[in-house]
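Hi,

Here is the structure I said I would pass on. Have a look at it first, and my notes on what turned up follow below.

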Amino acid sequence: MKNDSVMLRKVLIAYKYKRRRGWSSERRRAMQGELLRKVVADAYGSVPFYRRWLDEAGVSIDMIETLDDLQKIPVVTKRDFALVDIKDRIKEGVDLEKCHSSQTSGSTGTPAKTYFSKDEYRDRRGRMHLGFADLGCKPYERVISLGKLINKPRREKFSFPSSIIKPAILKNFRNKLYSLRSSVVYGDQPTRTYQRALKHEKSGRSTYSPRMIVAAGDMMTASARKYIEGVYGCPFKFFYGTKEFGMIGTECPESESYHVTSDNIIIEVIKDGVRVADGEEGVMTLTDLTERVMPMIRYELGDIVTYSEDGCSCGHKGPVILSLKGRADDLIILPDGSAISAYFAVESIYDISTIIQFRIIQKSLEAFEIEYEGEIPEERKARIRAEYADKFSADNVTFRKVDHMSPDPSGKLRKFISHVKSTHDITPS
Ligand SMILES: [Zn+2]
C-alpha cells in the first residue's frame, strides 16, 4: 500500500512535467519567471551565501522579475561554493537530519554534498520516472538500480518501482542477477557497465539478459557502447544528470542530443561571462527552480555544451542539449602559462571508431600520453601528434595501448588527467 502511494506520487509528478511540455514557450517562460522570483527571494531571505552573493553584485530581489533577469545574477562556480562553509549554503532553520542528501563523486575535486527536503526528493524521483518513461519504459516496468548493489551488496537500493522487488532477492543478488530477465537495468557509470560487460562476457553467463541498460555519468565512445549492446543483446541508453540537480535529460533516440526532462531546470550556456545564442558552444550553467533547502542559482556545471529551446530534430518539443562535450574545468596548461579546455585534446580522439576507452595524460608542458584500449591506426596517430603540436605546442605525444583500462576510484573514467601544476588562477574560456 505504502509503495503504491509512493509510486502514484512519482507518476503524478512525472505527469505534471510531461503535461507542461505541451505549453508554448511564452507560457513556460512566464511560469519559470514566476518560480525564479520566488526562488531568488527565498534564497536571499534565508541562505547566507546567496544574500552575500546578490549584495556584492548589487542585485536586489526586486530586480528579478522575468526569466531574462536571471542574467543579472553573477554565475557561481564550484570554486565559489568551495570557499564557503556548507552551512552558509543551506536555508536557515532547516533540520538537516530530516533532509535527504547526495554526494558528488569528487571526480573533479573534493566531493560535494547536496541536501534536499522530502518534497524535493519526491520531485527528483518523479523527474527520474519521467526520464525512464522518455526512454520507453512502462510505468510499472521493473527497473533495477544495480550500480551500488554490485559494489556494496549491503546497500540495497532499488530505484523504480521498489514495490516489485522482494527483499528476499537481495540475499543473493549477485546470483539472482542472472535470472532477472527482461527488466530495465540502471547501472550507474558507463565505465563500470563496460567493466561488467567484460567480466560477463568472460564468464560466459549469457542468461543475464536485460531488456535495456541505462547508465549515467561519464561519456563513452561509440565502440564501447556497441560492445556493451553486443554482450547483453539489448539497447544501452544514457541519462544525463548530476547529484546537484538530479535528472537533467535523456538521450534522443535519433540524434546525439539530450532531451531536457523537466522545466524546473533552467539551462544557460555561457561564454566569457555572457549567455550565448541558441546553438552556440559554451559552458553549461544551471538554475533549479525546485530546490529551496540548498538553492542552486546560476551554478556553472562546467560541461561544454550547445543548447536549443526549439526542440529536437526527432520531433521532441522543448529544450534540448544539442551536444555534450565533456568538462571545461579540466585544463591543459600551455608552455606560455595560459590554459585551455582539455576538451580540445579529447575531441581529436573521440570519434576514432576503433578505440574503446582512453585517457589523456598531460605529463609535462610539452608531453602528452594517450592511454587507450582498442586500436589507433598509425596514420591517425601522426595526425593527432600534428594536432597536439599545433594546438598545445606539444613536442612529445606518446601512445600506450593497454588491455583493460581501470576506471578511477569514483567509477568514472576521466578522459583527461594533468600532472602539470598550475600556479594560475584560471577560469575556463
Ligand atoms: Zn530528439
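**What I found**

Let me start with one residue pair: Ile361 has Glu369, in β17, as its bridge partner. This is a predicted model, by the way, and I come back to the confidence values further down.

That pair belongs to the contact between β16 and β17, which run antiparallel and share eight bridges. The link from β16 to β17 is a hairpin through two residues. Both strands sit in an open sheet of four strands, in the order β18-β17-β16-β19, and the pairing is mixed. At the edges are β18 (396-401) and β19 (416-418), each of which pairs on one side only. From one strand to the next, the twist averages 20 degrees.

Now for the other two pairings in this sheet. Strand β16 (residues 355-364) is parallel to β19, with three bridges between them, and Ile360 lies opposite Phe416 of β19. Two helices pack on the sheet. Helix α10 (residues 222-232) touches β16 and β17 (367-374), and its direction makes about 145 degrees with that of β16. Helix α11 (residues 343-350) touches β16, β17 and β19, and its direction also makes about 145 degrees with that of β16.

Over on the β18 side, β17 and β18 are parallel and pair over six bridges. Glu371 faces Arg400 in β18. The connection is a right-handed β-α-β unit made of β17, helix α12 (residues 378-392) and β18. Thr398 is part of strand β18, and its C-alpha atom is 4.8 Å from that of Glu369, although the two residues are 29 apart along the chain. Is Thr398 buried or exposed? It counts as partly exposed, because 13 C-beta neighbours lie inside 10 Å, and the buried class needs 20 or more.

Next, the backbone angles. Most residues other than glycine have a negative phi, so two places are worth a look when you check the torsions. Ser393, in the loop between α12 and β18, has a positive phi near 55 degrees. Ser393 is exposed because it has 12 other C-beta atoms within 10 Å, and exposed means 12 or fewer. Asp272 has a positive phi too, near 50 degrees. Asp272 sits in the loop between β9 (265-271) and β10 (274-275) and is exposed as well, with 9 other C-beta atoms within 10 Å.

β9 leads on to another set of strands. It pairs with β11 in the antiparallel sense over six bridges, and Ile266 is opposite Thr287 in β11. On to the next pairing: β11 and strand β12 (residues 299-308) are antiparallel over four bridges, with Val283 opposite Ile304 in β12. How much of strand β11 (residues 282-288) is buried? Six of its seven residues are, so the strand is mostly covered.

As for the chain in general, it has twelve helices and 19 strands, and 39% of its 429 residues count as buried. Of the contacts between residues at least 6 apart in sequence, 64% join residues at least 24 apart. The largest nonpolar core holds 88 residues, and Tyr50, Ile213, Ile228, Tyr240, Ile297 and Ile321 have the most contacts inside it. Leaving aside neighbours within four places in sequence, Ile297 is in contact with Val39, Val40, Ala43, Tyr50, Ile73 and Thr287.

Finally, confidence. The chain has an average pLDDT of 81, and 82% of the residues score at least 70. Helix α3 (residues 48-57) is where confidence is highest, at a mean of 97, and helix α7 (residues 167-170) is where it is lowest, at 39. The pLDDT is below 50 over residues 147-175, a stretch with 36 contacts in the model beyond near neighbours in sequence. It is also below 50 over residues 423-429, where the corresponding number of contacts is ten. Where pLDDT is low, the predicted coordinates should not be read in detail.

Cheers

Terms used. Residues are numbered from 1 along each chain as its sequence is written. This is a predicted model: local features need pLDDT of at least 70, side-chain atom pairs count only at pLDDT 80 or more; totals for chains, interfaces and linings use all residues. Two strands pair if DSSP finds at least two bridges between them. Axes are lines fitted to C-alpha atoms, for helices over the stretch in contact, and angles run from 0 to 180 degrees between N-to-C directions. Two residues are in contact if their C-beta atoms, placed from the backbone, lie within 7 Å. A crossover is right-handed if, with the strands pointing away from the viewer, the path from the first strand over the helix to the second runs clockwise. pLDDT is the predictor's confidence in each residue, from 0 to 100. A nonpolar core is a set of buried Ala, Val, Leu, Ile, Met, Phe, Trp, Tyr and Cys residues joined through C-beta atoms within 7 Å.
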